[in-house]
Amino acid sequence: MAEAQNLPAGATTTGSIAVAAESTVATRMSAPPSFDVADFPVPHGREEEWRFTPLERLKGLHDGTAEASGTIKAEIAAPEGVTVETVGRDDDRIGRAGKPVDRVAAQAFSAFEKATVVSVAKEAVLDEPIRVTLHGEGGVTYGHTIFELGAFAEAVIVIDHTGDAVRAANVEFVLGDGAKLTVVSVQDWDGTAVHCSQHNALVGRDATFKSVVVTFGGDVVRLHPVVNYAGPGGEAELYGLYFTDAGQHQEHRLFVDHNSPNCRSNVAYKGALQGEDAHAVWIGDVLIRKAAEGTDTYELNRNLVLTDGARVDSVPNLEIETGEIIGAGHASATGRFDDEQLFYLMARGIPADEARRLVVRGFFAELVQQIGLPDVEERLIAKLEAELEASVA
């Protein structure tokens, strides 16, 4: 169940498990999911889903004052067997994976003019990843992208965010029956960027979805992965790695909706924080509906606080409507640097700074390995090294 270990000052870890008599899809939301921005009240920071977010730093994305005025350079490198289209708002593929769950996502849905649809043919197995590069060139932008895999297709997608932007977007992943998809989303923005995005995944019967979210840059980053199942036998693995520096706000809010029987989900997010007013938020919501018998789910969040002045809020939530499940649980732990590990390494002749870096690299190693792409892994390790150099400088 919820675990808290070595909580430092400025760190908060809470959790809940509820056994519900009836379905309450939006138990922690002020309004039910909707495509219409008017269905969501303007948040004031007192709402459960907004109480950790610095609204004044969202540059108007939350209250309708952020008008699209910027530019984002988008490039897609797709191997053979992939179709890339630009479609209008009336395309019937838009919105299949799910509705916006908050006002910013609904604002993004209402504001985009054209959507990009990236399709992988039925039974196609891609030898190379699909690479999407989004480079902000200033100003406010909205976007909508759909990735669709046919039955038994297999693909890897890398979405790379860089530059400066005030960005709100919805990204959809639609997996056909038996399909396998790995998505790596990297947030390596400039220090002034604001990025809010909802990732909706609809996992087909016996399909496998793996998401790896990596967040380093940006002034404010708020990501909302949402998983639904289109049939029994689906699997979802959600991994995350974040490194929060002084003044940054990085927020990851996950919702796994077990709405089909015999499905599985596994969530593991890890973060490190350093510097004054570094703030990381992790919310993990899992709902097991009455019809979802045979569910097996677990979620984990761990945070390492490297310096004074940083704050973590970690809230795992588990809601169960049926007792006919294989397993369900969650754990959350936030703590300072482990002095025993540091002493062990130093006693073997390793200098203190290098020992500190080794411990942090080990903390993140298992999640970096989930990426499975050497060039991306090497880049992220180099970025992590640079962050660690700053923390011991």
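A residue counts as buried when its relative accessible area is under 20%. Keep that cut-off in mind for this predicted model, starting with helix α1.

Helix α1 spans residues 103-111. By that cut-off, 7 of its 9 residues are buried, so the helix is largely enclosed by the rest of the structure. The buried residues are Arg103, Val104, Ala105, Ala106, Gln107, Ala108 and Phe109. Strands β6, β7 and β9 are among the elements that cover them. At the start of α1, aspartate 102 makes a polar contact. One of its side-chain oxygens comes to within 3.2 Å of the backbone nitrogen of valine 104.

Now turn to the largest pocket. Its volume is about 500 Å³. It is lined by 31 residues, and those closest to its centre are Ile72, Ala74, Leu134, Gly143 and Arg167. Five elements give two or more residues each to this lining: β3 (72-77), β5 (115-120), β6 (130-149), β7 (154-175) and β9 (194-203). Strand β6 gives the most, with 9 residues. By residue class, the lining holds 13 nonpolar, 15 polar and 3 charged residues. Strands β6, β7 and β9 thus appear twice: they contribute to the pocket lining, and they help cover the buried residues of α1.

Last comes aspartate 296, in strand β16 (residues 296-305). Is aspartate 296 buried or exposed? It is partly exposed, because its relative accessible area is 30%, which lies between the 20% and 50% limits. Beyond its neighbours within four places in sequence, aspartate 296 contacts His258, Cys263, Arg264, Ser265, Ile326 and Gly327. Histidine 258 is 38 residues away in sequence, yet the C-alpha atoms of the pair are 9.4 Å apart.

Methods. Residues numbered from 1 in each chain as written. Predicted model: local features only at pLDDT ≥ 70, side-chain atom pairs only at ≥ 80, totals over all residues. Heavy atoms only, no water. Helix = DSSP H or I, 4+ residues; strand = E, 2+ residues; numbered from the N terminus. Buried < 20%, exposed > 50% of the residue type's maximum accessible area, 1.4 Å probe, protein only. Contact = heavy atoms within 4.5 Å. 1 Å grid on protein atoms, 1.4 Å probe; cavity = no way out; pocket = protein on both sides within 12 Å on 5 of 7 lines; lining within 4 Å. Points joined across faces, edges and corners; volume = space filled by probe spheres on them. Nonpolar A, V, L, I, M, F, W, Y, C, P; charged D, E, K, R; others polar. Polar contact = N/O pair within 3.5 Å; in protein donor to acceptor, adjacent residues only side chain to side chain.
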